[in-house]
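This report covers selected side-chain contacts, strand pairing and the main pocket of one structure. The sequence and coordinates are shown first.

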Amino acid sequence: MDTQPVLVTDRLLLRPFDVADAPVVQRLCGDYAVAATTLLPYPYPDGLAEVWIASLSEGIERGEAAAFAVTVPPEGNLIGGVRLQIDRVHARGELGFWVGRPCWGRGYATEAVGAVIEYGFSVLGLHRVYAVHFSRNPASGRVMEKCGMLREGRFREHVRKWGVYEDVDVWGIIREPAFRTGTRIPSPL
Ligand SMILES: CC(C)(COP(=O)(O)OP(=O)(O)OC[C@H]1O[C@@H](n2cnc3c(N)ncnc32)[C@H](O)[C@@H]1OP(=O)(O)O)[C@@H](O)C(=O)NCCC(=O)NCCS
């Protein structure tokens, strides 16, 4: 059974989600601006946050996902989330992330996503981390670029969002043989 650690960055603490986070998740993800560039529903229904948070533990325990609540010390306010969907066969993870609109533009997404990429490589032993974003959402691509990911291409009309087929851009990063630490990390996968 896999468990998940707390990740600490310069300004953030990334911890597992707790059902007590549900009201804040509903408020932040219920923002039209967040729903518009993700596959989240709008309006965000009552009860969905509780169900979503409860559903995370199964994937984490099976080693098929990691999901971090992004919080700002010392108050510990929840401002966002980063999730990694893990494909163990291919040792790769797909990132998804969001930050609540009041906290946009402060570099928080970049800091949190960078920490989860490092976690994916150095702890989970992933070989590749990738993510997609709506092509009309360049801020997300910029976060990926700042995290060292490369833009690999565009899937045309890959996703249907609110009845409209949307292009998505694909970004990825491959673990270097000596990722960050200078030491080759054996893969547990
Ligand atoms: C995308 C998102 C995560 C960015 O969060 P954030 O904390 O504001 O991100 P950061 O501050 O780390 O970086 C944002 C970067 O995008 C840039 N940016 C913002 N709007 C932009 C735009 N319209 N075009 C190009 N770049 C833009 C910012 O200037 C910044 O880059 P810089 O540091 O070079 O100036 C946040 O807006 C969000 O949660 N959006 C809704 C959900 C979503 O889209 N999630 C991603 C799905 S893949």
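The side chains of glutamate 58 and arginine 62 form a polar contact at 3.0 Å. The structure is a predicted model, and the distances in this report are computed from it. Glutamate 58 belongs to helix 3, which spans residues 48-61. Its relative accessibility is 48% and exposed requires over 50%, so glutamate 58 counts as partly exposed. Aspartate 18 is separated from glutamate 58 by 40 residues in sequence, and the C-alpha to C-alpha distance between the two is 14 Å.

A second glutamate, at position 111, sits in helix 4. Is glutamate 111 buried or exposed? With a relative accessibility of 17%, against a cut-off of under 20%, glutamate 111 counts as buried. Its side chain makes a polar contact with the side chain of threonine 9 at 2.7 Å. A polar atom of the glutamate 111 side chain also lies 3.4 Å from the backbone nitrogen of aspartate 10.

The distances for these two glutamates are listed below.

| Glutamate side chain | Partner | Distance |
|---|---|---|
| Glutamate 58 | Arginine 62, side chain | 3.0 Å |
| Glutamate 111 | Threonine 9, side chain | 2.7 Å |
| Glutamate 111 | Aspartate 10, backbone nitrogen | 3.4 Å |

Helix 4 covers residues 108-122 and, together with strand 5 and strand 6, makes a β-α-β unit that is right-handed. Strand 5 (residues 92-99) and strand 6 run parallel and are joined by three bridges. Within this pairing, glutamate 94 has tyrosine 130 of strand 6 as its bridge partner.

Which strand pairs with strand 6 in the antiparallel sense? That partner is strand 8, residues 164-174, and the pairing extends over seven bridges. Arginine 128 is bridged there to isoleucine 174 of strand 8. Strand 6 itself, residues 128-134, is mostly covered, with six of its seven residues buried.

The remaining topic is open space in the model. Rolling a probe the size of a water molecule over the atoms shows where empty space is left. The largest pocket has a volume of about 1,200 Å³. It is lined by 46 residues, and those closest to its centre are Thr37, Thr38, Gly96, Phe97 and Trp98. By class, the lining of the largest pocket comprises 29 nonpolar, 12 polar and five charged residues.

Methods
Residues numbered from 1 in each chain as written. Predicted model: local features only at pLDDT ≥ 70, side-chain atom pairs only at ≥ 80, totals over all residues. Heavy atoms only, no water. 1 Å grid on protein atoms, 1.4 Å probe; cavity = no way out; pocket = protein on both sides within 12 Å on 5 of 7 lines; lining within 4 Å. Points joined across faces, edges and corners; volume = space filled by probe spheres on them. Nonpolar A, V, L, I, M, F, W, Y, C, P; charged D, E, K, R; others polar. Helix = DSSP H or I, 4+ residues; strand = E, 2+ residues; numbered from the N terminus. Buried < 20%, exposed > 50% of the residue type's maximum accessible area, 1.4 Å probe, protein only. Polar contact = N/O pair within 3.5 Å; in protein donor to acceptor, adjacent residues only side chain to side chain. Pairing = 2+ DSSP bridges. Right-handed = clockwise from strand over helix to strand, strands pointing away.
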